[in-house]
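Please look through the sequence and the model below before reading on. The paragraphs after them are meant to be read with both in view.

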Amino acid sequence: MAIMDADYLVIGGCGFLGQHLCERLLERGYSVRVFDIRKTFENEKITFIIGDLCKKEDLMAAIQGVSCVFHCASPSPLSNNRELFHKVNVEGTKLLIQLCKWAGVQRLVLTSSASVVYEGKDIKGGHEDLPYAAQPIDAYTETKIMQEQIVLAANTKDFYTCAVRPHGIFGPRDPHLLPTAVDLARRGKFKFIIGDGKNLVDFTYIDNVVHGHILASENLGGGSVVCGKAYNITNDEPIYFWTFMTQIVTGMGYDAPKYHLPYLLVYFIAVFLMLISRLLSPFCHFIPSFTPMKVALAGTHHFYLCDRAKKDMKYKPLVSLDDGIRKTIESFERLKNGGEGDS
Ligand SMILES: NC(=O)C1=CN([C@@H]2O[C@H](COP(=O)(O)OP(=O)(O)OC[C@H]3O[C@@H](n4cnc5c(N)ncnc54)[C@H](O)[C@@H]3O)[C@@H](O)[C@H]2O)C=CC1
Ligand SMILES: CC(C)=CCC[C@@H](C)[C@H]1CC[C@H]2C3=C(CC[C@]12C)[C@@]1(C)CCC(=O)C[C@@H]1CC3
């Protein structure tokens, strides 16, 4: 059955970022098509095509008749499935590029990650020209590096690509950050601050991430400075990791962490537990609450400059960190302490 042409195809459009992106695109008068392996919402203005990014026949049904593709799909960054990360983020992205060219799609905007330059050590004011992490902190990040390299290398005079690198996205309908933090607090695992609590990091409110994506797509085109480049998109307000997390968990009705634990002690315990988890994996499946990745993110500086986006796309955050935290907490009534929600 022939489907209507669309301005945008949002791959992963049923996810946290994807759904917010679709809503904003519609508000701006664009026509939107969604391709995702699951359907999580209804909207009569959107054409949904349910399929797998890794299956050529599925993607071919979605890719024709669109001007620009947003590629937001990824397995959950908190899952632990190296094979799936590679299948979707690398092989799926290669197939997408092949079919974009086959279908005559002009523009591709990838949702990458600021973590592609992060090796678990301090990054203060990181810029986009930092080298890719030679030792990525996990398989997710390793495949996001490969994915970004593939997309930026695909930029030509006829097919324009760029990458948006958000960091620590939060907001209404976030399935990763807030629910995980609340689950830890609910299980009494949020009593300790890892390290001295003075590590500065970026958290980015979802509306600002969406804004950065739309600016990137609107500035991407023949002869544009944006072509073939990566752009950090943050709230431009680095905050102490533990100040942010304390505001979130106390806003959700749980106690603030009180005691400090040495960062290196917690990190090596996390590495030890990860090794035990791998050794036991043939016999039982257990994923430690605090993986080396989470501990590193909780105990080191990692904040980034978005000067390039300000200069090339006139980016500036639309929602402040304080307003974003307030809106987020208000939106998660069901998860508040004593609420009826599950984690
Ligand atoms: N959440 C965060 O803090 C950050 C996320 N990102 C990136 O942003 C993008 C969106 O992330 P979120 O919205 O948070 O994740 P999400 O898990 O809410 O959304 C991802 C969507 O991709 C879809 N998907 C996964 N595999 C697929 C496949 N094989 N075929 C079709 N669809 C598939 C899922 O069904 C889901 O709807 C991802 O690329 C992620 O790497 C980057 C930086 C930070
Ligand atoms: C250790 C602790 C208190 C954990 C609770 C919060 C964490 C679940 C989040 C804190 C930083 C977040 C983060 C991501 C996922 C959720 C957190 C670990 C990403 C790994 C998501 C995908 C990315 O591309 C990078 C993000 C970095 C920050």
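What follows goes from the two ligands to the regions named in a database record and then to a few single residues.

This is a predicted model, in which local features need pLDDT of at least 70, side-chain atom pairs count only at pLDDT 80 or more, and totals for chains, interfaces and linings use all residues. Residues are numbered from 1 along each chain as its sequence is written, chains are lettered from A and ligands numbered from 1 in the order in which they are written, and side-chain values use heavy atoms, with hydrogens and water left out.

We begin with ligand 1, which is surrounded by 25 residues, the closest being Phe16, Leu17, Asp36, Leu53 and Tyr140; a residue is near a molecule or strand if one of its heavy atoms lies within 4 Å of it. Oxygen atoms of ligand 1 take part in polar contacts, that is, pairs of N or O atoms within 3.5 Å, where within protein one must be able to donate a hydrogen and the other to accept it, and residues adjacent in sequence count only if both atoms are side-chain atoms. A backbone N or O atom of Gly15 lies 3.2 Å from an oxygen atom of ligand 1, a backbone N or O atom of Leu17 lies 2.8 Å from an oxygen atom of this ligand, and for a polar side-chain atom of Tyr140 the distance to an oxygen atom of ligand 1 is 2.5 Å. Of the 830 Å² of accessible area that ligand 1 has on its own, the protein covers 91%, areas being computed by the Shrake-Rupley method with a 1.4 Å probe and, for residues, with only the protein chains shown as cover. Helix 1 (16–27) and helix 4 (139–153) are the elements that give two or more residues to this shell, where helices (H or I, at least four residues) and strands (E, at least two) are DSSP runs numbered from the N terminus.

Ligand 2 has 17 residues around it, and the closest are Pro77, Ser113, Tyr140, Thr180 and Phe190. An N or O atom in the side chain of Ser113 is 2.8 Å from an oxygen atom of ligand 2, while a polar side-chain atom of Tyr140 lies 2.7 Å from an oxygen atom of ligand 2. Taken alone, ligand 2 exposes 600 Å², of which the protein buries 92%. Helix 5 (177–186), helix 7 (241–251) and helix 9 (292–299) each supply at least two residues of the shell around ligand 2.

Helix 7 has as its buried residues Phe241, Trp242, Phe244, Met245, Thr246, Ile248 and Val249, where buried means under 20% relative accessible area, exposed over 50%, and partly exposed in between (1.4 Å probe, protein chains only). After helix 7 comes Gly253, whose phi is positive, near 95°.

An unreviewed UniProt entry lists residues 9–262 as "domain: 3-beta hydroxysteroid dehydrogenase/isomerase", and over these residues the chain is 36% helix and 21% strand. UniProt also places a "transmembrane region" (unreviewed entry) at residues 261–280, over which the chain is 90% helix and 5% strand, with the end C-alpha atoms 27 Å apart. Such annotations may be inferred rather than shown by experiment.

Ser277 has its place in helix 8 (residues 263–280), and Ser277 counts as buried because its relative accessible area is 11%. Leaving aside neighbours within four places in sequence, Ser277 is in contact (heavy atoms within 4.5 Å) with Phe286 and Pro288.
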